[in-house]
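Work through the exercises below with the sequence and the structure side by side. Try each task before reading its solution.

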There are 2 protein chains.
Amino acid sequence: MDSSVPELRSARQQQIVDVAWRLLETEGRDALTMRRLADELGIKAPSLYKHFPNKQVVEAALIDRGFLLWGNAAREAIAHSGDPLANLARAYRTVATEHPHLYRLMTDGALDRALLTPGVEAWSGAPLGEPFRDPEAARAFWGFLHGMAILAIDGRFPPDAELDRSWDRGLAAFSAITANT
Amino acid sequence: MDSSVPELRSARQQQIVDVAWRLLETEGRDALTMRRLADELGIKAPSLYKHFPNKQVVEAALIDRGFLLWGNAAREAIAHSGDPLANLARAYRTVATEHPHLYRLMTDGALDRALLTPGVEAWSGAPLGEPFRDPEAARAFWGFLHGMAILAIDGRFPPDAELDRSWDRGLAAFSAITANT
DNA sequence: GTCTATAGTGGGATAGAC
DNA sequence: GTCTATCCCACTATAGAC
């Protein structure tokens with residue numbers, strides 16, 4: 001074992017989550033069924049229940065990975081040169097745009113935190129607090145990021161909307177309430 | 001007929017949508033099935049299909065009403081005295097908070113606009129443009145409003161989050177890019 | 001750890017009689 | 001416009017043999 005990260009799952013579990021990830025990313029949430037997942041693995045659906053108690057736990061594993069993905073991207077964003085606010089926004093938009101199905105899985109509806117790696121949700125969101133004086137401002141910024149991302153994914157803006165400019169307008173607004181101003 | 005608004009649906013269709021509305025508001029989306037809807041009306045599920053071609057059209061009728069509700073609330077908000085931005089935000093938050101199931105139905109996933117009253121979506125959103133110089137800023141503001149509303153409905157903010165203050169922080173940010181500044 | 005077989009649930013929708 | 005009867009679909013999950 002050369003990794004310092006403990007193996008929380010068996011190799012087989014890892015493999016199943018890998019395939020589930022690919023299925024979600026390429027074909028969306030509707031394609032992520034236990035039958036389809038088993039098909040992709042070359043086994044029958046009931047066999048999956050020897051490795052996971054139910055579907056929700058498989059989805060939670062995907063959401064967990066999603067938080068890792070976003071948390072790492074956010075940390076890279078504030079480590080970069082340039083405006084941290086703009087870097088964070090670009091990173092958020094990129095993650096959401098490049099993984100729309102994962103992003104919807106992560107943000108749609110209630111979240112059973114008992115199924116996630118403890119603390120991963122807060123860890124992933126922590127970098128958003130960096131540019132601001134208080135967590136309230138950071139949460140307002142998160143609201144803006146999420147709203148823009150999900151409305152874009154769901155096709156709610158008019159077809160001719162210039163979204164780059166809207167992101168810039170929002171950034172200009174929140175720049176006015178950062179710790180540096 | 002003493003109303004100047006044309007009757008787009010039969011009385012029976014109106015009644016069905018009324019019951020669907022109540023069912024959605026009181027018990028949520030999972031309760032809104034064709035079987036359950038029929039039960040509430042005292043008829044059998046197949047009979048519904050004499051009035052509506054499918055479930056999606058029933059849901060579209062609810063979404064239509066939702067846009068009317070929000071559009072009217074938004075118009076009242078900007079007609080009031082005080083800061084239009086704050087009034088709009090308060091109205092938005094109130095509608096979303098008081099009708100969480102309807103709000104999710106309206107905003108979750110893609111929207112088939114062919115099933116809606118033509119123009120109602122744009123009409124309902126138009127007041128958001130009032131305080132701003134350009135539509136891009138208005139859309140950024142909408143992103144903030146929607147993000148805050150849906151994250152709150154879905155329980156995504158920490159339990160101890162002071163959301164009133166976050167709404168205020170966002171308002172302060174967007175105040176900096178209104179037409180009056 | 002995998003299989004076959006099956007249970008159980010719930011939903012949308014249609015055909016045809018009355 | 002309503003009914004009965006039915007179909008079809010999809011899914012999660014379990015039991016027990018190998």
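**Exercise 1.** By class, how many nonpolar, polar and charged residues does the surface near DNA strand C have?

*Solution.* The surface near DNA strand C has five nonpolar, five polar and six charged residues. For the classes, Ala, Val, Leu, Ile, Met, Phe, Trp, Tyr, Cys and Pro count as nonpolar, Asp, Glu, Lys and Arg as charged, and the others, Gly among them, as polar. "Near" means that a heavy atom of the residue lies within 4 Å.

Before going on, note the ground rules. This is a predicted model: local features need pLDDT of at least 70, side-chain atom pairs count only at pLDDT 80 or more, and totals for chains, interfaces and linings use all residues. Residues are numbered from 1 along each chain as its sequence is written, chains are lettered from A and ligands numbered from 1 in the order in which they are written, and side-chain values use heavy atoms, leaving out hydrogens and water.

**Exercise 2.** Find the protein groups that touch DNA strand C.

*Solution.* Step 1: list the neighbours. There are 16 residues around DNA strand C, and A:K44, A:K50, A:H51, B:R35 and B:K55 come nearest.

Step 2: look for polar contacts (a pair of N or O atoms within 3.5 Å; within protein, one must be able to donate a hydrogen and the other to accept it, and residues adjacent in sequence count only if both atoms are side-chain atoms). A polar side-chain atom of A:H51 is 2.7 Å from a phosphate oxygen of the strand. In B:Y49, a side-chain N or O atom is 3.0 Å from a phosphate oxygen. B:R35 reaches a base: its polar side-chain atom lies 2.6 Å from a base oxygen.

Step 3: assign the elements. α3 (45–48) of chain A and α2 (34–41) of chain B each supply at least two residues of this surface. Helices (H or I, at least four residues) and strands (E, at least two) are DSSP runs, numbered from the N terminus.

**Exercise 3.** Repeat the analysis for DNA strand D.

*Solution.* Step 1: 15 residues surround DNA strand D, with A:T33, A:R35, A:K55, B:K44 and B:K50 the closest. By class, they are five nonpolar, five polar and five charged.

Step 2: a polar side-chain atom of A:R35 lies 3.0 Å from a base nitrogen. On the phosphate side, B:R12 places a polar side-chain atom 3.0 Å from an oxygen. B:K44 uses a polar backbone atom, 2.6 Å from a phosphate oxygen.

Step 3: α2 (34–41) of chain A and α3 (45–48) of chain B each give at least two residues to this surface.

Step 4: of the strand D atoms within 4 Å of the protein, 57% belong to sugar or phosphate and the rest to bases.

**Exercise 4.** What turn lays chain B on chain A?

*Solution.* A turn of 180° with a shift of 0.0 Å along the axis does it, with an RMSD of 0.0 Å. That is the relation of a two-fold axis. The superposition is by least squares on the C-alpha atoms of residues with pLDDT of at least 70 in both copies. Now the interface: 100% of the interface residues of chain B are also interface residues in chain A, so the copies meet through the same surface.

**Exercise 5.** Describe how α1(B) packs on α4(B).

*Solution.* Step 1: helix α1 (residues 11–27) and helix α4 (residues 55–79) of chain B pack at about 75°, with axes 10 Å apart. That makes α1(B) roughly perpendicular (65 to 115 degrees) to α4(B).

Step 2: the contact (heavy atoms within 4.5 Å) includes B:W21 and B:L24 from α1(B), and B:L62 and B:L69 from α4(B).

Notes:
Axes fitted to C-alpha atoms, helices over the stretch in contact; angles between N-to-C directions. Parallel < 35°, antiparallel > 145°, perpendicular 65-115°, else oblique.
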